[in-house]
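Student: Please take me through one part of this model slowly. I would like to start with the largest pocket and then follow its walls out into the rest of the fold.

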Amino acid sequence: MRIVIAGGHGQIALRLERLLAARGDEVAGIIRKAEQADDLRQAGAEPVVLDLESASVDEVAERLRGADAAVFAAGAGPGSGANRKDTVDKGAAVLFADAAVKAGVRRFVVVSSMGADPDHGGDGIFDVYLRAKGEADAYVRGLDALDWTILRPGQLTDDAGTGLVRLEAHTGRGPVPRDDVAAVLAELVDTPATAGLTLELISGSAPVSVAVKSVAGN
């Protein structure tokens with residue numbers, strides 16, 4: 001498969017790129033800064049320099065053409081203000097989804113956040129973030145041209161992955177290593193039977209492949 005990842009230099013994205021490249025997939029990661037390119041090459045991915053805050057739908061669609069799947073893993077990141085939650089966490093997600101439709105890429109996986117909700121209240125930065133992610137998720141869900149799956153991990157940690165997770169429509173809150181989030185994403189990309197599902201993810205007792213097959217109905 002050829003898989004294009006938005007936010008290709010993110011902590012989850014770099015892990016995902018390594019996993020996909022190791023299993024023989026062709027991976028491209030969209031990055032904002034040319035100096036991040038070497039990190040992607042080391043992960044086995046082709047770096048594509050493009051700023052999703054200023055690019056047009058046509059420009060992004062051009063990078064997506066010929067892909068079998070697209071993964072939105074971009075985020076404004078900690079320390080960014082409310083404005084960038086809107087331009088990246090919502091705006092870039094909407095742009096990437098529209099570009100996937102234009103490029104004819106049906107399989108579309110979103111890395112969202114537990115608690116994401118377009119109606120989330122509050123004025124704090126994290127409130128704005130959850131609202132932006134929720135609005136982006138709602139937009140993607142409305143696109144019939146995409147076979148979308150939305151993944152909402154719990155509290156992200158840098159602990160070594162265990163390969164054991166809980167993946168359900170509602171898991172309740174809990175931590176999950178970024179390693180395991182990447183492993184679940186790699187399985188989801190490859191499991192189109194999960195299309196149309198919004199899934200929460202925390203550490204648990206099911207091996208990743210078993211957890212994904214279970215929600216896919218296998």
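**The largest pocket and its surroundings**

Tutor: Happy to. A good place to begin is helix α4, which gives five residues to the lining of the largest pocket, the largest share from any element. Please keep in mind that this is a predicted model.

The pocket itself holds about 1100 Å³ of space. Its lining is made of 40 residues, and those closest to the centre are Ala73, Ala74, Gly75, Ala76 and Gly77. The elements that supply two or more lining residues are α1 (11-22), β2 (26-31), α4 (82-103), α5 (125-141) and β7 (155-157). By character, the lining splits into 17 nonpolar, 13 polar and 10 charged residues.

Now let's follow the walls outward. One of the lining strands, β2, also belongs to an open sheet of nine strands with mixed pairing, in the order β3-β2-β1-β4-β5-β6-β10-β8-β11. The two ends of that order are β3 (46-49) and β11 (206-207); each has a single partner strand, so one side of each has no neighbour in the sheet.

Further in from the β11 edge, β8 (residues 164-168) and β10 (residues 197-203) run antiparallel and are joined by four bridges. In this pair, glutamate 168 faces glutamate 200 of β10.

Back to our starting helix: α4 packs on the sheet and touches β1 (2-6), β2, β4 (69-72) and β5 (107-111). Its direction makes about 175 degrees with that of β4. Helix α6 (residues 178-189) packs on the sheet as well, in contact with β1, β4, β5, β6 (147-153), β8 and β10. For α6, the angle to the direction of β6 is about 165 degrees.

Stepping back, the protein has seven helices and 11 strands. Its C-alpha atoms fill a box of roughly 45 × 40 × 35 Å along the principal axes. A compact globule of 218 residues would have a radius of gyration near 17 Å, so the 16 Å of this protein agrees with that expectation.

Notes
Residues are numbered from 1 along each chain as its sequence is written. This is a predicted model: local features need pLDDT of at least 70, side-chain atom pairs count only at pLDDT 80 or more; totals for chains, interfaces and linings use all residues. Side-chain values use heavy atoms; hydrogens and water are left out. On a 1 Å grid over the protein atoms alone, a cavity is a set of points where a 1.4 Å probe fits but cannot get out, and a pocket is an open set with protein on both sides within 12 Å along at least five of seven lines; lining residues have an atom within 4 Å of a point. Grid points are joined across faces, edges and corners, and a volume is the space filled by probe spheres set on the points. Ala, Val, Leu, Ile, Met, Phe, Trp, Tyr, Cys and Pro count as nonpolar, Asp, Glu, Lys and Arg as charged, and the others, Gly among them, as polar. Two strands pair if DSSP finds at least two bridges between them. Contact means heavy atoms within 4.5 Å. Axes are lines fitted to C-alpha atoms, for helices over the stretch in contact, and angles run from 0 to 180 degrees between N-to-C directions. The radius of gyration is taken over C-alpha atoms; the globule rule is 2.2 Å times the number of residues to the power 0.38.
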